[in-house]
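Visitor: I'm new here and would like a tour. Could you show me the structure and take my questions one by one?

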Amino acid sequence: MHDILALMNKNNKGFINTTDPVFVLFGEVTSQSPLEILVEQRLPLDEDQLVLTRAVRDYEVEMTVNHLTETDNGPAAHTHQYKGKKKFLIHNGLVIGDRVKLLRVQGGQQYVVFDKE
């Protein structure tokens, strides 16, 4: 998140004197590794030009849980408490074929990928 805010602040310094505002664009992921997005079927962007938000990348969250595991009907049926802070991986990463929404940062050198369908 810090990278996105720094990028926006850097580009806002000349905002008043520009006639090149931010644009919303649409694209499709054509390669996963290295990441490549084809914007509006004509402009290929590579990962160096892309800033990814949490909505379009895998990330971990820490959650507090407090419950019992489910009972299994097998020979070793049992329950136990599952409690405390646990890390969970959120699978939001982009895959080939994902349709994405991007913001072109002022100047057109970088693009923020902020959502996918």
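Guide: A quick definition before we start: two strands pair if DSSP finds at least two bridges between them. Also keep in mind that this is a predicted model.

Visitor: Then let's try that out. Which residue in E8 is the bridge partner of Arg104?

Guide: Strand E7 covers residues 99-104 and strand E8 covers residues 111-116. The two pair in the antiparallel sense, over 5 bridges. Arg104 has its bridge partner in E8, and that partner is Tyr111.

Visitor: Stepping back, how many helices and strands does the protein have?

Guide: Reading along the sequence gives the pattern α-β-β-β-β-β-β-β-β. Counted up, the secondary structure is 1 helix and 8 strands.

Visitor: Which element has the lowest mean pLDDT?

Guide: Over the whole protein the mean pLDDT is 85, and 79% of the residues reach 70 or more. Among the elements, E2 has the highest mean, at 97. Where pLDDT is low, the predicted coordinates should not be read in detail. That is worth remembering at the other end of the scale, where the mean is 61 for residues 2-12, helix H1.

Visitor: Back to the strands. Which are the edge strands of the open sheet?

Guide: The open sheet has 6 strands with mixed pairing, in the order E3-E2-E1-E7-E8-E4. An edge strand pairs on one side only, and that holds for the two at the ends of this order: E3 (43-46) and E4 (50-52).

Visitor: By what angle are neighbouring strands of this sheet turned against each other on average?

Guide: Strands of a sheet pair through backbone hydrogen bonds, either parallel or antiparallel. For the angle here, direction is ignored, and the average between neighbours is 40°.

Visitor: E2 sounds like a good place to look closer. Which side chains of E2 are buried?

Guide: In a regular strand the side chains alternate between the two faces of the sheet. E2 does alternate: Glu36 and Leu38 point to one face and are not buried. Pointing to the other face, and buried, are Leu35, Ile37 and Val39.

Visitor: What is the bridge partner of Ser31 in E2?

Guide: E1 and E2 run antiparallel, with 5 bridges between them. A hairpin through 2 residues joins E1 to E2. In E2, Ser31 has as its bridge partner Glu36.

Visitor: And which residue joins Pro34 through a cis peptide bond?

Guide: Pro34 sits in the loop between strand E1 (23-32) and strand E2 (35-39). The cis bond has an omega of about 5°, and the residue it joins to Pro34 is Ser33.

Visitor: On to the other hairpin. Which residue of E3 stands opposite Val39?

Guide: E2 and E3 are antiparallel and joined by 4 bridges. They form a hairpin with 3 residues between them. Opposite Val39, in E3, stands Leu43.

Visitor: Is Glu40 in that loop buried, partly exposed or exposed?

Guide: Glu40 lies in the loop between E2 and E3, and has a positive phi of about 45° although it is not a glycine. Buried means under 20% relative accessible area and exposed means over 50%. Glu40 has 36%, so the word for it is partly exposed.

Visitor: What about Gln41, buried or exposed?

Guide: Gln41 is also placed in the loop between E2 and E3, and its phi is positive too, about 60°, although it is not a glycine. Its relative accessibility is 74%, so Gln41 counts as exposed.

Visitor: Now Asp98: is it buried or exposed?

Guide: Asp98 is in the loop between E6 and E7. Not counting residues up to four places away in sequence, Asp98 touches Gly27, Glu28, Val29, Gly93 and Lys116. With a relative accessible area of 14%, Asp98 is buried.

Visitor: One last thing: how far apart in space are Lys87 and Glu60?

Guide: Lys87 belongs to strand E6 (residues 81-90) and is exposed, with a relative accessible area of 59%. Beyond its neighbours within four places in sequence, Lys87 is in contact with Glu60, Val61 and Glu62. Lys87 and Glu60 are 27 residues apart in sequence, while C-alpha to C-alpha the distance is 6.4 Å.

How values were computed:
Residues numbered from 1 in each chain as written. Predicted model: local features only at pLDDT ≥ 70, side-chain atom pairs only at ≥ 80, totals over all residues. Heavy atoms only, no water. Axes fitted to C-alpha atoms, helices over the stretch in contact; angles between N-to-C directions. Buried < 20%, exposed > 50% of the residue type's maximum accessible area, 1.4 Å probe, protein only. Contact = heavy atoms within 4.5 Å. pLDDT = per-residue confidence, 0-100.
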